[in-house]
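Trainee: Can we go through this one together? I'd like to see how each label is earned.

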Amino acid sequence: MLGLKAVKWAEIERIQRLLSRERGTIVKDWGGRLAVALIYPNTYQVGMASLGFQSVYRLFNRHPHVVCERVFGQPNGPVIALESRRPLTDFDVLAFSVAFELDYFNVISLLLRAGIPLEAAERDAAWPPIIAGGPALSANPLPLADFVDAFVIGEAEPVIDPLIETLQEGVNRPRAELWTALARLPGVYVPHLSDMMPVKRQWVRDLDAHPTSTVVYTPDTAFGDMYLIEVARGCGRGCRFCMAGFTTRPKREHSVESVLEQAQTGLTHTTRIGLVGAAVSDYTQIDQLAPRLRELGAQISVSSLRVDPLPESLLQALAASGIQTLTLAPEAGSERLRAAINKGVTEADLLYAAERATHYKFRQLKLYFMIGLPGETDEDIVEIVRLCELVAGRFDGHLTVNITPFVPKAHTPFQWCSMAPLAQLDERLARLHSALKKQRIELRSESPRLAAVQGVLARGDRRLGRVLKQMEGKLSRWDEAVQQNGIDLQNYLTWSEEKSLPWAFIDTGVSLAHLRHEWARALRP
């Protein structure tokens with residue numbers, strides 16, 4: 001018992017240290033309010049760097065009859081909210097924000113550690129209902145369907161007010177009544193009532209009506225002391241591998257004036273302003289925005305860049321802000337394969353970008369590639385090495401190459417693609433390590449085995465719920481749980497166009513016919 005008390009006090013002291021360094025923390029009295037625990041199933045440092053998570057925190061707390069507090073998936077210690085140190089069982093509602101498939105394990109772990117029954121069917125009105133959303137679950141919520149009462153599909157802003165009203169009225173009623181009420185809301189999927197009934201993704205028409213920037217400022221995040229501001233949402237590029245490019249359409253932008261107004265707030269906390277979007281260099285008003293932010297005294301950073309276009313004004317602003325690293329994502333080594341994935345980037349574009357990086361004296365250039373893309377051959381691996389050598393010859397600084405195994409995702413043209421076998425991924429990764437090491441180019445890579453687990457979860461169905469439950473949040477139990485539940489992983493890793501899509505009941509706004517057309521175009525020689 002003394003050991004448990006020591007752990008609890010250590011966690012409380014850790015929370016107090018974090019809160020003491022925050023600005024913008026929202027603390028409300030609980031009296032008469034719907035208490036929502038907003039849970040990010042990963043560490044504080046990762047969760048507080050998520051602009052989506054912070055935005056939902058603001059959306060809940062702007063409602064006068066709601067108190068929303070944050071909970072994070074720290075690996076040890078009690079599961080308690082930051083603001084009040086209360087356990088999850090004290091809350092009326094548990095709301096999970098899930099960005100990545102591998103965080104599904106943390107969802108299960110958190111519930112178990114909090115003493116909450118895992119399966120929704122086991123929880124009556126005495127337990128808080130569980131709501132979940134985020135990019136991964138908006139695409140395919142089925143692996144967690146047994147554990148969640150309702151999923152929010154799409155963007156939170158159009159859903160939050162009717163969701164709060166429904167929860168206020170039904171949180172203490174019999175659970176079946178609450179499920180029925182939730183299932184009536186546009187964009188809400190209730191797996192225990194509306195399994196496979198069409199659910200339409202919700203999205204914001206006017207971004208300026210919903211300014212999205214850092215709510216709680218803290219230096220203790222993955223981005224350090226940076227104030228994040230969304231400049232655009234969605235992407236119109238149509239890269240065939242990219243889930244965000246198909247599940248966040250149409251592309252929308254905040255106005256320059258809206259971004260500048262938010263930046264002025266951010267500059268009261270820090271000089272570092274981080275611009276967030278699917279591709280910030282695609283922001284149509286970047287030539288106006290970048291110099292005006294610099295005039296305000298902002299040091300600018302960006303979440304992502306494309307090499308076509310690569311706005312000179314943005315490069316100038318980044319260099320003047322003291323940014324040392326430029327990150328670009330060619331994704332594939334050969335022109336042929338980049339055309340197949342619809343990346344729209346040429347070798348000339350990349351070499352020009354390397355030259356501009358040298359001109360502006362960036363110290364490091366990071367290139368991101370994928371291996372295991374559909375249609376990839378040994379020659380494409382050779383082309384990655386060749387392209388990196390060419391870039392290294394044009395860039396006067398440190399070149400880092402990041403290799404990620406390709407994971408097919410739901411609602412993309414590549415949802416019908418089989419994932420490359422582990423042995424093939426391992427062999428090609430080893431070849432890249434050997435070849436780039438000879439050129440003294442640093443290579444970093446992600447685990448093909450973890451990518452395979454992610455691949456199963458990304459295109460999984462409700463049968464995986466049994467696996468997740470048996471694992472109890474421990475990744476080390478994956479193989480054992482899969483085997484004991486009679487799951488054939490090849491059913492999820494190997495696919496074809498004739499195979500049914502379990503997630504097809506979710507309407508993202510992009511037709512299945514369009515995705516099939518894009519898949520066929522990718523396969524053309």
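Trainee: Where does E472 lie?

Mentor: E472 sits in the loop between α17 and α18. Helices here are DSSP runs of H or I with at least four residues, strands are runs of E with at least two, and both are numbered from the N terminus. Before we go on: this is a predicted model, where local features need pLDDT of at least 70 and side-chain atom pairs count only at pLDDT 80 or more, while totals for chains, interfaces and linings use all residues. Residues are numbered from 1 along each chain as its sequence is written, and side-chain values use heavy atoms, with hydrogens and water left out.

Trainee: Why is E472 called partly exposed?

Mentor: Buried means under 20% relative accessible area, exposed means over 50%, and partly exposed is in between (1.4 Å probe, protein chains only). E472 has 36%, so it counts as partly exposed.

Trainee: What makes the phi of E472 worth flagging?

Mentor: Its phi is near 55°, a positive value in a residue other than glycine. Most residues other than glycine have a negative phi. H411 gets a flag too, with phi near 65°; H411 is in the loop between β15 and α15.

Trainee: Is H411 buried or exposed?

Mentor: Buried, because its relative accessible area is 5%.

Trainee: Which peptide bond before P250 is flagged, and what makes it cis?

Mentor: The bond from R249 to P250, with omega near -5°. P250 is in the loop between α8 (244–247) and β10 (252–253). The bond from D308 to P309 is also cis, with omega near 5°, and P309 falls in the loop between β12 (299–302) and α11 (312–320). Most peptide bonds are trans.

Trainee: Why is helix α16 called largely enclosed?

Mentor: Nine of its 11 residues (448–458) are buried, so the rest of the structure largely encloses α16. Among the buried ones are P448, V453 and L457. The cover includes α4 (104–113), β15 (398–405) and α15 (422–438).

Trainee: What is V401 in strand β15 in contact with?

Mentor: Contact means heavy atoms within 4.5 Å. Leaving aside neighbours within four places in sequence, the partners of V401 include L367, F369, C388 and L443. V401 is buried, since its relative accessible area is 0%. V401 and L365 are 36 residues apart in sequence and 8.5 Å apart in space, C-alpha to C-alpha.

Trainee: How many disulfides does the structure hold?

Mentor: Zero. A disulfide needs a pair of cysteine sulfur atoms within 2.5 Å. C417 is in no disulfide, as the nearest cysteine sulfur, that of C242, is 15 Å away. C417 is buried because its relative accessibility is 4%, and C68 counts as buried at 0%.

Trainee: How do you know that the radius of gyration agrees with a compact globule?

Mentor: The radius is taken over C-alpha atoms, and the globule rule is 2.2 Å times the number of residues to the power 0.38. For 525 residues that puts a compact globule near 24 Å; the protein has 23 Å, so the two agree. The C-alpha atoms fill a box of roughly 65 × 55 × 50 Å along the principal axes.

Trainee: How many helices and strands are there, and what share of residues is buried?

Mentor: There are 20 helices and 17 strands, and buried residues make up 56% of the 525.
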